[in-house]
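Please walk me through this structure, one part at a time. I am new to it and would like short steps.

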Amino acid sequence: MTRFQSRSDFTRRHMLKTLTALTAAFAAAPRGAFAQSGAALNILNSNTAWAEALTASVADAYDSARITGEANPYEAHYEKLLIELSQGSSTFDLFTTDNLWIRQPIRNGWAAPLDEIRAGNAELPELQLHNFAPASLTYTEYEGKRWGLPLVMTTPVFVYRKDLLEAAGIEVPKNWDDYREAAAKLHSSDVAGNVLLLGGQDAHMSGDWGSRLMGMTKIAPNDDGVLDEANKPVFNSEGQGARAIERLREVLPYTPNGVEGLDYAEGSSLMQQGRAAMMITWSDVIVGIEDGPMKGRFGYTVAPTERYEQQMVGGWSIMANAASGQLEDAYRFLAWMSEGKAYELFREGGESSLCLQRDIDNPQTVEAIPMLQAFHDFETRGTAPISIPPYRLQNAVEVQRVLYEEILAGVNGRKTPEQAMADAESRLARVIR
């Protein structure tokens with residue numbers, strides 16, 4: 001959620017694959033020093049900037065075990081995770097997971113609760129959870145237990161061309177009415193007023209529609225605005241799902257040609273090359289956007305909202321494989337990571353979706369990684385973090401696909417927004433589990 005031939009399945013993490021090419025072989029190489037006990041930990045890993053650092057500079061810095069890993073692109077990573085963990089394989093002692101999938105290993109008993117590992121050995125150190133941004137810890141806590149640590153934290157970011165807005169005398173939009181007006185005013189034959197990502201399942205469902213939806217009704221931090229705790233649809237309980245589609249249709253005339261095929265990579269490229277003025281996209285896909293001819297001309301902030309200042313926060317986490325024979329060593333590694341050095345090495349390795357609170361609070365770090373301004377603006381705007389939909393489900397990817405198809409039908413006019421949402425509810429009743 002790489003089937004490149006089907007753009008609707010291309011996701012922001014696949015774009016990162018192209019930005020971190022050639023990391024897989026490097027990440028799989030043995031790193032770090034042997035502990036006196038000869039402990040070695042193997043990680044089922046992704047292939048992003050933080051993932052490369054995890055089995056390279058982080059492994060080198062950790063001296064209590066040898067760290068190895070297998071790097072996989074996004075789709076292959078998910079498939080490998082399902083195969084290995086569902087069979088009770090102990091090949092990997094730790095595994096990384098998109099927070100969209102995280103309930104699957106927890107509820108299936110594939111992940112070991114860290115609290116229980118420590119309860120079995122009082123000499124194990126405490127996790128230093130205070131070092132993390134509170135929103136990043138949401139996904140690894142379930143039923144009163146801690147199941148892992150966050151690796152990175154992401155959110156939909158409003159990326160805009162500062163120079164174009166200033167030249168047109170436009171204030172940075174904070175609501176969707178102002179965003180629509182800015183898109184119309186900035187749109188020209190050379191520069192699109194804004195970008196929508198109709199060609200991507202994750203990009204369109206969560207980045208486009210989700211960012212509009214999240215400000216329309218009051219949502220609790222652990223809720224996702226799409227399904228309630230009983231996994232019943234609530235995304236159109238007050239007509240908000242249809243209204244979010246209408247918001248997308250309002251700015252559709254001010255998008256680039258070929259908008260039907262745009263996904264994360266194409267949208268970021270358009271911004272990078274100066275062919276669009278505004279875009280809402282997840283923070284982990286704008287890595288490298290400042291490397292093009294528009295360097296220094298971008299601004300970053302929280303996405304506009306409708307009624308409530310609240311926005312999704314997602315990311316990746318790392319967990320201990322319940323089938324591992326080295327759970328205490330795995331726990332020690334995670335405890336060491338929680339002290340913060342590993343996350344500093346992620347940043348030094350080029351990762352921009354950071355979850356150490358001190359990074360987000362540090363003006364020098366924000367200056368070096370401008371995208372972090374969005375997280376900094378959570379406080380100034382009073383934005384409340386909420387969860388990514390539909391993270392509670394074991395088949396979240398399948399459910400997301402249904403939503404994407406119906407949202408797209410509403411946006412491109414094949415259905416009315418109301419009919420699209422009604423059909424989505426009907427279809428989801430048959431697939432949610």
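A crossing of two helices is called left-handed if the near helix is turned anticlockwise from the far one by less than a right angle, and right-handed if clockwise. Keep that in mind for the first stop. This is a predicted model.

Helix H10 covers residues 201-213, and helix H18 covers residues 396-411. Their axes come within 9 Å. They cross at roughly 70°. Angles of 65 to 115 degrees count as roughly perpendicular, and H10 and H18 are therefore roughly perpendicular to each other. H10 passes H18 in a left-handed crossing.

Now turn to the sheet. It is open and built from 5 strands. Their order is S2-S1-S3-S11-S6, and the pairing is mixed. Which strands stand at the edges? They are S2 (66-71) and S6 (148-154). Each has a single partner strand, so one side of each lacks a neighbour in the sheet. From one strand to the next, the twist averages 20°.

Look inside the sheet at S1 (residues 40-45) and S3 (residues 94-98). These two pair in the parallel sense over 2 bridges. Leu44 has Phe95 in S3 as its bridge partner.

Strand S6 leads on to a cavity. S6 and helix H14 (341-348) each supply at least two residues to the lining of the second largest cavity. Its volume is about 40 Å³. Among the residues that line this cavity are Leu151, Val152, Tyr343 and Phe346. Glu351 and Asp359 also belong to the lining. By class, the lining holds 7 nonpolar, 1 polar and 2 charged residues.

Definitions and conventions:
Residues are numbered from 1 along each chain as its sequence is written. This is a predicted model: local features need pLDDT of at least 70, side-chain atom pairs count only at pLDDT 80 or more; totals for chains, interfaces and linings use all residues. Side-chain values use heavy atoms; hydrogens and water are left out. Two strands pair if DSSP finds at least two bridges between them. Helices (H or I, at least four residues) and strands (E, at least two) are DSSP runs, numbered from the N terminus. Axes are lines fitted to C-alpha atoms, for helices over the stretch in contact, and angles run from 0 to 180 degrees between N-to-C directions. On a 1 Å grid over the protein atoms alone, a cavity is a set of points where a 1.4 Å probe fits but cannot get out, and a pocket is an open set with protein on both sides within 12 Å along at least five of seven lines; lining residues have an atom within 4 Å of a point. Grid points are joined across faces, edges and corners, and a volume is the space filled by probe spheres set on the points. Ala, Val, Leu, Ile, Met, Phe, Trp, Tyr, Cys and Pro count as nonpolar, Asp, Glu, Lys and Arg as charged, and the others, Gly among them, as polar. Angles under 35 degrees count as roughly parallel, over 145 as roughly antiparallel, 65 to 115 as roughly perpendicular and the rest as oblique.
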